[in-house]
Amino acid sequence: MDQTSNGDFKKNETAFQAFYHSCLGKIVILIGILIIAFIVALMTKPTQEEMEMEMIDDILQCIQANDSIQGDEIDDQVNNLNSMFTRADTAKINKDLIKSLNKNNRLEIYNHSFFRTAYIMNNIYPQGVRVGIGMFGVVYPTVIYKDLLLNVGPMQKNYKDGVIRSTVIKPTDLGTNPAVKPYHYQGDPDQ
């Protein structure tokens with residue numbers, strides 16, 4: 001800053017500095033950065049085969065991670081983050097489970113301008129549920145175990161039969177109901 005003789009302070013800016021400090025200059029720079037990001041996203045979008053291969057691996061890792069304990073949403077997201085950097089051990093996964101996965105679920109990959117998405121279609125979600133996004137050369141899984149249809153069987157055998165249960169529900173004695181009458185709370189409880 002240069003001090004003039006009359007006590008005013010004035011900046012000597014170049015044309016680029018004045019453009020950079022203006023609102024129009026910041027908008028133009030932001031648009032330029034976004035255009036560069038879109039060009040990079042377009043060039044690094046995963047191919048159809050890469051996306052399908054990675055999603056199958058991520059789905060198998062999701063099945064492997066949820067073999068005995070059902071986790072919550074945070075556990076699923078941590079498993080999805082880990083599955084980006086690891087591979088599924090297919091020797092540990094039950095072959096019948098893989099057959100059931102292939103029979104009851106269909107993986108579909110959709111191409112968008114700057115990214116790809118993967119959807120699982122099954123009887124639970126006929127419209128599909130998104131299980132992965134591919135952009136900037138990386139496939140980001142969002143698969144959750146409850147989105148997959150793995151076990152299918154009959155609910156009942158014949159019409160008017162009860163629902164088939166694998167366990168027997170024991171009848172328990174809950175006691176008897178107290179002698180409660182209308183307006184019981186207002187007067188004598190023995191009424």
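Here are some short exercises on this predicted model, each with a worked solution.

Before you start, note that residues are numbered from 1 along each chain as its sequence is written. Local features need pLDDT of at least 70, side-chain atom pairs count only at pLDDT 80 or more, totals for chains, interfaces and linings use all residues, and side-chain values use heavy atoms, with hydrogens and water left out.

**Exercise 1. The fold**

Task: Work out how many helices and strands the protein chain has, and in what order its elements run.

Solution:
- Start with the rule: helices (H or I, at least four residues) and strands (E, at least two) are DSSP runs, numbered from the N terminus.
- Counting in this way gives five helices and six strands in the protein chain.
- Reading from the N terminus on, you get the order β-β-α-α-α-α-α-β-β-β-β.
- Finally, turn to burial: buried means under 20% relative accessible area, exposed over 50%, and partly exposed in between (1.4 Å probe, protein chains only).
- Of the 191 residues of the protein chain, 24% count as buried.

**Exercise 2. The largest pocket**

Task: Find which residues line the largest pocket, and which elements they come from.

Solution:
- Rolling a probe the size of a water molecule over the atoms shows where empty space is left.
- On a 1 Å grid over the protein atoms alone, a pocket is an open set of points where a 1.4 Å probe fits, with protein on both sides within 12 Å along at least five of seven lines; lining residues have an atom within 4 Å of a point.
- Grid points are joined across faces, edges and corners, and a volume is the space filled by probe spheres set on the points.
- The largest pocket holds about 200 Å³ of space.
- Its lining is made up of E52, I56, I59, L60, I98, L101, N102, N105, R106, L107 and I120.
- Two or more of these residues come from each of helix 3 (48-65), helix 5 (95-104) and strand 3 (106-111).
- Helix 3 gives the largest share, four residues.
- For the classes, Ala, Val, Leu, Ile, Met, Phe, Trp, Tyr, Cys and Pro count as nonpolar, Asp, Glu, Lys and Arg as charged, and the others, Gly among them, as polar.
- The lining then sorts into seven nonpolar, two polar and two charged residues.

**Exercise 3. Two arginines**

Task: Determine which partners the side chains of R106 and R116 have.

Solution:
- Side chains of opposite charge can pair when their charged atoms come close.
- The test for a salt bridge is a side-chain nitrogen of Lys or Arg within 4 Å of a carboxyl oxygen of Asp or Glu.
- A search of the whole structure finds one salt bridge, and the side chains of R106 and E108 meet in a salt bridge at 2.7 Å, N to O.
- R106 is partly exposed, at 45% relative accessible area.
- Now move to R116, in strand 4 (residues 116-121).
- R116 is buried but has no salt bridge, and E49, the nearest side chain of opposite charge, is 7.1 Å away.
- Look next for polar contacts (a pair of N or O atoms within 3.5 Å; within protein, one must be able to donate a hydrogen and the other to accept it, and residues adjacent in sequence count only if both atoms are side-chain atoms).
- The side chain of R116 has such a contact with the side chain of Q48 at 3.5 Å, and another with that of N111 at 3.4 Å.

**Exercise 4. A residue in a loop**

Task: Describe where F136 lies and what its phi is.

Solution:
- F136 sits in the loop between strand 5 (129-135) and strand 6 (138-141).
- Although F136 is not a glycine, its phi is positive, about 55°.
- With a relative accessible area of 41%, F136 is partly exposed.
- F115 is 21 residues from F136 along the chain, and their C-alpha atoms are separated by 7.8 Å.

Notes: Lys, Arg positive; Asp, Glu negative; His and termini not counted.
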